[in-house]
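Colleague: I am new to this structure. Please show me how to read it, one feature at a time.

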Amino acid sequence: MTIKQLKSKHQEIKPFYKNEILKDILNIDQKELILNDNKNILKQQIEEYETKINRLKQNEPIQYILGKAYFLNKEYYVDKKVLIPRPETEYLVIETLNLIKEYNIPIKKVLEIGTGSGIIAISLKQLNKDLIITATDISKDALEVAKINATKHNVDINFEQKDILNDIKGKYDLLISNPPYLKIDSKNIEKQVLENEPHIALFAKDNGLYYYQEILNNSKQVLNKQNLISFEIGEEEQEEIIKIVKNVYPNSKIITKKDLNNFDRYLFIINE
Ligand SMILES: C[S@@+](CC[C@H](N)C(=O)[O-])C[C@H]1O[C@@H](n2cnc3c(N)ncnc32)[C@H](O)[C@@H]1O
């Protein structure tokens, strides 16, 4: 069977997904895929293609099927043990580095809570080699994925299995986190997300506020006096989180930013 013939099957699947799966199986790029339309492919490759197409039909995200996702233009390994990196989180990393520069905050030691696939910690280290980064997660499975990615990108990160801030040693200048923040009774979560991504990475009790409360209320024990806290937040939670911040850090500078869809998505707390 030729590539062209194989592509003509499964009309209900978008050509984009078929191409992505074929490029992955044949280990070729888009140009080669087009040029090789009339090339025969092996029986084993056809079987692999059919298996992956079936997983797509069962509503599995393409990132888990291919075992890869992109973050800040870099490829990361992902599987069902971790949240698929979201484009919104790229801004968390970039805005954090921008603020460090803009406010001239001396940052050396970084603590990331809930690292998942490791994208935040690894990108920060890639963008600033001087940072010394500890990244934690409660999920041993997620940490395995994060370690694969740190090795893949050749960066040195100290990964530790921890429950939020419990038993975190040392003092840090930057605390960064994209914690779970979906309300447990949220109604408008996509079916694909709900059925495939780890619930431990999605949901938070106390109306989605649990992790922000826990992190903020215990943050002084892990932060140097001069510090920056960077959060990705759910768009409905900003007001409540700011109340907690004002209570814990009454003299802090609070900066909020919106994502590309104009949702309140990032919260930065500068303690000088
Ligand atoms: C929203 S995901 C973020 C993953 C990754 N940092 C990203 O931005 O794509 C939240 C992460 O927090 C982790 N997590 C959940 N409960 C935790 C806890 N009690 N302590 C530490 N990490 C936790 C989850 O396993 C998950 O990897």
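Colleague: Which residues come nearest to the ligand?

Modeller: First, some ground rules. This is a predicted model: local features need pLDDT of at least 70, side-chain atom pairs count only at pLDDT 80 or more, and totals for chains, interfaces and linings use all residues. Numbering starts from 1 along each chain, as its sequence is written. A residue is near a molecule if its C-beta atom, placed from the backbone, lies within 6 Å of it. Here 22 residues surround the ligand, and G114, G116, I138, N178 and A201 come nearest.

Colleague: How many residues of each class are in the shell around the ligand?

Modeller: Ala, Val, Leu, Ile, Met, Phe, Trp, Tyr, Cys and Pro count as nonpolar; Asp, Glu, Lys and Arg as charged; the others, Gly among them, as polar. The shell has 12 nonpolar, 8 polar and 2 charged residues.

Colleague: Which helix and which strand each supply at least two residues of that shell?

Modeller: Helices (H or I, at least four residues) and strands (E, at least two) are DSSP runs, numbered from the N terminus. In this shell, α7 (119-127) and β4 (132-137) each supply at least two residues.

Colleague: Which residues of α8 are buried?

Modeller: Buried means that 20 or more other C-beta atoms lie within 10 Å of a residue's own; exposed means 12 or fewer, partly exposed is in between, and C-beta atoms are placed from the backbone. In α8, the buried ones are A142, L143, V145, A146, N149 and A150. They cover an arc of only 160 degrees around the axis, so they sit on the same side of α8. The arc is taken from the directions from the helix axis to the C-beta atoms. An α-helix has 3.6 residues a turn, so residues three or four places apart point the same way. On the other side of α8, K140 and T151 are exposed.

Colleague: What covers the buried residues of α8?

Modeller: Contact means two C-beta atoms, placed from the backbone, within 7 Å. The cover includes β2 (74-76), α7, β4 and β5 (158-161).

Colleague: Is I133 buried or exposed?

Modeller: I133 lies in strand β4. It is buried, because 25 other C-beta atoms lie within 10 Å. Not counting residues up to four places away in sequence, I133 touches V110, E112, A121, L124, K125, I157 and N158.

Colleague: How many helices and strands does the chain have?

Modeller: The chain comes to 11 helices and 11 strands. Buried residues make up 33% of its 272 residues.
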